[in-house]
Amino acid sequence: MAELDLLSKGMTTCQGCPMELIGRSALEVLGPKTITMTPPSCSAILTGSGDETGWGIPSVQTVLMSLPAFASGVSEALKIRGMDDVTVMGFAGDGGTFDIGLQSLSGAIERGHKAIYICYNNEAYMNTGGQRSSATTLGASTKTTPTGKKEVSKNIDFMLLHTPLAYQATASVGNIRDFKRKLAKAATKDGPCFIHVMTPCPSGWKFPADQTVQIAKLAIKSGMWLLFEREDGKITINQKPTNFELIPEYLSRQKRFNRINDEITAQIIEEAKTRYETLQQLSQLACL
Ligand SMILES: Cc1ncc(C[n+]2csc(CCOP(=O)(O)OP(=O)(O)O)c2C)c(N)n1
Ligand code: SF4
Ligand SMILES: [Mg+2]
């Protein structure tokens, strides 16, 4: 019998979609003994509707505000059945994580259920037409911020530092090897794990579809995206930003930043530097 693709080819995501690449890479690490969950979002395209799905593994379509509660229940059921070798993988967007599902996520982490939660961050509510979320970068134009977002993005990674996660990491579609390493590590943990992945979205960020990975790499180099992990109470910075002066280039390659002026650009650079400096200080602490 031909081996089943764990995620079908030819899904109806946009050209250059980073979310699909992350979903595919995740299953290359976790393998067939995985149950996945998606909330309403672009990732629901993979889960499909009716009796059609792109996943070659069991999948559940949840509601937007409580994927972590679904994951908690499945995780506990697996425990009762003694099925220790099955991984529960939540796969949700930034809107479903930072905003609408945050309360449920907080509860699941506090209760300590064994599950891996992957948040792919495309910085908007893309599945409903590209409205701003709290993850959207300052200055970015979206459907609901046509003249540019006025607030800085919520720093969910720092918020979660004081929660009892068994493992916490940021990752990027610009460094798949690092993402896979972190996922493999999460799979060994007997508790809640959170991996936050930067997924530049060509449709929402308005850059050519063949530049998804380049934009993600530029975000890491310029300090607009920080790669780190927290394990056993210690933060490790995995890749240092090389040059904050690259931030204007990062911004100018995306039409969503077409309307920003020098003042907003300076604020974005300042925010990126402050976040990195804070992360450096936190990484010096013996135990978090
Ligand atoms: C409680 C609730 N509010 C709003 C919606 C409508 N809705 C469906 S998908 C979606 C966008 C989700 O955005 P995100 O989690 O960032 O995922 P993306 O679409 O960007 O992949 C929204 C607002 C919903 N399904 N449920
Ligand atoms: S809108 Fe963005 S995240 Fe959603 S399917 Fe298209 S490229 Fe992927
Ligand atoms: Mg989103």
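**Exercise 1. A helix on the sheet**

Find helix α3 in this predicted model and work out which strands it lies across.

*Solution.* Start with residues 67–80, which make up α3. Helix α3 lies across β1 (34–38), β2, β3 and β4 (115–121). Now compare directions: α3 runs at about 175 degrees to β3. An angle of 0 would mean that both run the same way from N to C, and the scale ends at 180 degrees.

**Exercise 2. The order of the strands**

Trace the sheet from one side to the other, and decide which strands are at its edges.

*Solution.* First, a reminder: strands in a sheet pair through backbone hydrogen bonds, in either a parallel or an antiparallel way. Next, read off the order, which is β2-β1-β3-β4-β6-β5-β7-β8. These eight strands form an open sheet with mixed pairing. The edges are β2 (59–61) and β8 (234–239), since each of them pairs on one side only. From one strand to the next, the twist averages 20 degrees.

To see what "mixed" looks like, take some pairs in turn:

- β1 and β2 are parallel, with three bridges; here Thr36 stands opposite Ser59 of β2.
- β1 and β3 are parallel too, with four bridges; in β3, Met89 is the bridge partner of Thr36.
- β4 and β6 pair in the parallel sense over seven bridges, and Cys119 has His196 of β6 as its bridge partner.
- β5 (residues 167–172) runs parallel to β6, joined by six bridges; Ala169 is partnered by Ile195 in β6.
- β7 (residues 227–231) and β8 run antiparallel, with five bridges between them; Phe228 has Ile237 of β8 as its bridge partner.

**Exercise 3. Two covered strands**

Are the residues of β6 and β1 buried or exposed?

*Solution.* Take β6 (residues 192–198) first: seven of its seven residues are buried. Now sort them by the side they are on. Pro192, Phe194, His196 and Met198 are on one side, Cys193, Ile195 and Val197 are on the other, and both faces are covered.

Then repeat the steps for β1, where five of five residues are buried. Thr34, Thr36 and Thr38 point one way, while Ile35 and Met37 point the other way.

**Exercise 4. Around the ligands**

Describe the shell of residues around each ligand, by its members and by their class.

*Solution.* Begin with ligand 1. Its shell has 19 residues, and Ser41, Cys42, Gly93, Gly95 and Asn127 come nearest. Both β3 (87–93) and α4 (94–99) supply at least two residues, and the largest share, three residues, belongs to α4. By class there are nine nonpolar residues, nine polar and one charged.

Move on to ligand 2. Its surroundings include Thr13, Cys14, Cys17, Met19, Cys42 and Asn122. Met126, Cys201, Pro202, Ser203 and Gly204 are also among them. Helix α8 (residues 202–205) gives the most, with three residues. Here the classes come to seven nonpolar, four polar and no charged residues.

**Exercise 5. Two positive phi angles**

Look at Lys206 and Asp232, and find where each of them is located.

*Solution.* Keep the usual case in mind: most residues other than glycine have a negative phi. Lys206 has a positive phi, near 60 degrees. Lys206 is in the loop between α8 and α9 (212–222). With 16 other C-beta atoms within 10 Å, Lys206 is partly exposed, because that count falls between the limits of 12 for exposed and 20 for buried.

Asp232 also has a positive phi, near 50 degrees. Asp232 is in the loop between β7 and β8. Asp232 counts as exposed because it has 8 C-beta neighbours inside 10 Å.

**Exercise 6. The whole chain**

Now step back: what radius of gyration would a compact globule with 288 residues have, and what does the chain have?

*Solution.* For 288 residues, a compact globule would be near 19 Å; the chain has 18 Å, so the two agree. Along its principal axes the C-alpha trace spans about 60 × 45 × 30 Å. The chain holds 11 helices and eight strands, and 46% of its residues count as buried. Finally, look at contacts between residues at least 6 apart in sequence: 68% of them join residues at least 24 apart.

Key: Residues numbered from 1 in each chain as written. Chains lettered and ligands numbered in written order. Predicted model: local features only at pLDDT ≥ 70, side-chain atom pairs only at ≥ 80, totals over all residues. Near = placed C-beta within 6 Å. Nonpolar A, V, L, I, M, F, W, Y, C, P; charged D, E, K, R; others polar. Pairing = 2+ DSSP bridges. Contact = placed C-beta atoms within 7 Å. Rg over C-alpha atoms; globule rule 2.2 N^0.38 Å.
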